[in-house]
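Q: I'd like to learn how to read a structure like this one, feature by feature. Can you walk me through it?

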Number of protein chains: 2
Amino acid sequence: MASRPNGARIRDVAAAAEVSPAAVSRYLNGSLTLPRETAERIDRAVRRLDYRPNPHARRLILGRSETIGLVLPDIANPFFARLAAAIEAAADRAGLGLVLSATLNRPGRELEYIERMRRNHVDGLIFVTNHPDDGTLRRALNATPGAILIDEDVPGAIVPKVFCDNEEGGFLAGRHLLAAGHRHIAFVGGPRGLMSTHERRAGLDRALAATPDAAVIWESFGPYTLAEGARVGAALLAGQPRPSAIFAGSDELVLGLLPVLREAGVRVPDDMSIVGFDDVGPLHLLDPPVSAIRQPVDAIGERAVALLTAVPADPPPCERLSVRLVERGSVAAPPCLA
Amino acid sequence: MASRPNGARIRDVAAAAEVSPAAVSRYLNGSLTLPRETAERIDRAVRRLDYRPNPHARRLILGRSETIGLVLPDIANPFFARLAAAIEAAADRAGLGLVLSATLNRPGRELEYIERMRRNHVDGLIFVTNHPDDGTLRRALNATPGAILIDEDVPGAIVPKVFCDNEEGGFLAGRHLLAAGHRHIAFVGGPRGLMSTHERRAGLDRALAATPDAAVIWESFGPYTLAEGARVGAALLAGQPRPSAIFAGSDELVLGLLPVLREAGVRVPDDMSIVGFDDVGPLHLLDPPVSAIRQPVDAIGERAVALLTAVPADPPPCERLSVRLVERGSVAAPPCLA
DNA sequence: ATATGCTTGTAAAAGCGTTTACTAAATCTG
DNA sequence: CAGATTTAGTAAACGCTTTTACAAGCATAT
């Protein structure tokens, strides 16, 4: 039916409807109202030829691509995968395409994508970092409007931001542990210098502050990975005095910790309580099911896309989405009280 | 430095190097060799102006986008997320952008993407289905070259394909269970009508065929999901006679099964052995660590991109990538022999 | 009769890199 | 030295849509 392999062009429609290409374009885009009869001729031609504007020509003239970029450390990581799913869904609802890029923490990858955005390859960028910034990223971000930051901050970047309420999460975890009777708590944090690490710790401290004999007696900082969880588990068990509960900064850390504890004969929650953060992994399927602070992943994706398509505000908004504690079976009274 | 907000254009470079835009284009694309002196003038201008071709203009004239599309059911699913990571990495190495789309099994989404490819929005499509095809997808695929199929087949689609060796996987699982002494085995498959389901079952049968008293005494078919795993677990425990081992078609199924077994007081592997498939989830962190057939996810991604960028062959290749059994702690002798 | 305004459009330019076809000059060949 | 070939480029067309600026025709108001 269609004469050309790639579908009809606007001028085919124009010819079929016996109007000019400009008329078709303007009518279709609503910048020209036409009498019923003419409009119907165009509509019919569009349907008959199954016309769709060539996106490349459109992007060239419009200078935008109806596409956003998602830059994150690693799509295979369940937390980022969930985030990506939420963002993809939100972008799709907004009629936006999504191009994906994993940095795998290779330096320069993030900057490369900012550059791509500056050159209008994409209309906007959703950025997920998980390493401290030496100022490079901040400068690049501030020099190039159109990016937004989610999940983790780049200090000093003046861009819209969407984070979960890390401090509240830390507080919730701390209060929960406290209520169960724990006084000696381990904080297994993310990397030093990351907002999430700092804030979760601050929230934990706030919770503990009200109880004089409660304290963080052990802490560690490192990547939010499985391997780090395993490493930390060993170190924690080797130390003295041993805490009775752990607040870990990610699902992955918990997943890494658990087998080490089990191996060492430390039972959860009888000998050691544990609270995770993120709650996107199958924490409910572990033995015991692990309690965790749940991040509102879908909402973060939703808001990220909304902010990207919204008119820029000054100063750019920084949204804090609530977290909540999901109680399962990994917290009990400390052994001394049992 | 750059006079325009979006970077230098080819004519800026041409002006700076005192040649024509055509000369710059052809020199940069290797279709014109120039004397050292002229070439250096252009190189210098390119560096000084930090020139990069406008991708939209490039795509318009070239009719291709240096971008491929990845269409999969759900990026939040760990298996697909791993696959996406592998494909993203391979695409990146090949200098290709990746646009992501999750179908969430909405009908029509897949067709929509094939249509987009036909209109040159993307240069190629990597397709991951997980539902039986009624012929619609086959027809669309065959009518539009440039897509490839991975992980799951669309019967009759004449396109390059990359699958793991499901049959071998089923065989490996069956042989392993047999070797441990099991004779009464449950097959927890994916949906009926899916290649993976069929082939894994066939491999299992082949393994059992050599042993007269060994048989699949229970089977189920359903989505490769957690919820299905839980459902099936309950059904399986309610039936009589009870098998001594389960071969489940995905990590998710295992993850759904496990808590149901535990709840029912059925110990793994003492009372029930279990072998999974995929091995991308944290199977090694479960209690007990679960043995599984490991899919070569990275290799699948790698080959998919390679096939997409290769010159089309006739007939299109169908690659089968080897799987292997990863033995952990979820298989033991059946209780009757213990 | 002239001015004003609306309706119904259209022509042409803009957006930018690539390719085709071609020229002018230099070098080589016989 | 005539003619062939190579070298070193260039002008113009191409891809397709959108936008700007404008025009013809008609009705209404002054």
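Q: Let's start with the surface near DNA strand D: how many nonpolar, polar and charged residues does it have?
A: Keep in mind that this is a predicted model. The surface near DNA strand D has 17 nonpolar, 8 polar and 5 charged residues. In total, 30 residues surround the strand, and the closest are I10(A), A22(A), S20(B), A22(B) and A23(B).

Q: Which elements give two or more residues to that surface near DNA strand D?
A: From chain A you get α1 (10-17), α2 (21-28) and α4 (55-62), and from chain B α2 and α4 (55-62). The largest share comes from α2(A), with 5 residues.

Q: And which residues come nearest to DNA strand C?
A: S20(A), A23(A), R9(B), I10(B) and A22(B) do, out of 29 residues around the strand. Chain A gives two or more residues from each of α2 and α4, while chain B does so from α1, α2 and α4. Here α2(B) gives the most, 5 residues. By class, the surface near DNA strand C splits into 17 nonpolar, 7 polar and 5 charged.

Q: Now a helix pair: at what angle do α1 and α2 of chain B pack?
A: For a pair of helices, look at the angle and then at the distance between axes. Helix α1 (residues 10-17) and helix α2 (residues 21-28) of chain B pack at about 100°, and their axes are 8 Å apart. Angles of 65 to 115 degrees count as roughly perpendicular, and α1(B) and α2(B) are therefore roughly perpendicular to each other. On the α1(B) side the contact is made by I10(B), R11(B), V13(B), A14(B) and A17(B), and on the α2(B) side by P21(B), A23(B), V24(B) and S25(B). Sorted by class, these contact residues are 7 nonpolar, 1 polar and 1 charged.

Q: How do two copies of a chain relate in space?
A: Two copies of a chain are related by a rotation about an axis and a shift along it. In this model, chain B is superposed on chain A by a rotation of 180° with 0.0 Å of shift along the axis, at an RMSD of 0.1 Å. That is the relation of a two-fold axis. Within chain B, V99(B) has the C-alpha nearest the axis, 2.0 Å from it. Both copies use the same surface, since 100% of the contact residues of chain B recur in chain A.

Q: How many residues of chain B are in contact with chain A?
A: There are 33 residues of chain B in contact with 33 residues of chain A. On the chain B side, α4, α5 (78-93), β2 (97-102) and α11 (251-263) each give two or more residues. The largest share, 7 residues, comes from α5(B). That side has 19 nonpolar, 6 polar and 8 charged residues.

Q: Last one, the sheet: what is the strand order in the open sheet of 6 strands in chain A?
A: Read it across as β7-β6-β8-β9-β10-β12, with mixed pairing. The edge strands are β7 (215-221) and β12 (324-326) of chain A, each with a single partner strand, so one side of each has no neighbour in the sheet. On average, neighbouring strands are turned by 20° against each other, direction ignored. Zooming in, β9 (residues 273-278) and β10 (residues 291-294) of chain A pair in the parallel sense over 4 bridges. One bridge joins V275(A) to S291(A) in β10(A). Helix α8 (residues 166-179) of chain A lies across β6, β8, β9, β10 and β12 of chain A, and runs at about 165° to β9(A).

Definitions and conventions. Residues are numbered from 1 along each chain as its sequence is written. Chains are lettered from A and ligands numbered from 1 in the order in which they are written. This is a predicted model: local features need pLDDT of at least 70, side-chain atom pairs count only at pLDDT 80 or more; totals for chains, interfaces and linings use all residues. Axes are lines fitted to C-alpha atoms, for helices over the stretch in contact, and angles run from 0 to 180 degrees between N-to-C directions. Angles under 35 degrees count as roughly parallel, over 145 as roughly antiparallel, 65 to 115 as roughly perpendicular and the rest as oblique. Two residues are in contact if their C-beta atoms, placed from the backbone, lie within 7 Å. Ala, Val, Leu, Ile, Met, Phe, Trp, Tyr, Cys and Pro count as nonpolar, Asp, Glu, Lys and Arg as charged, and the others, Gly among them, as polar. Two strands pair if DSSP finds at least two bridges between them. A residue is near a molecule or strand if its C-beta atom, placed from the backbone, lies within 6 Å of it. Copies are superposed by least squares on the C-alpha atoms of residues with pLDDT of at least 70 in both.
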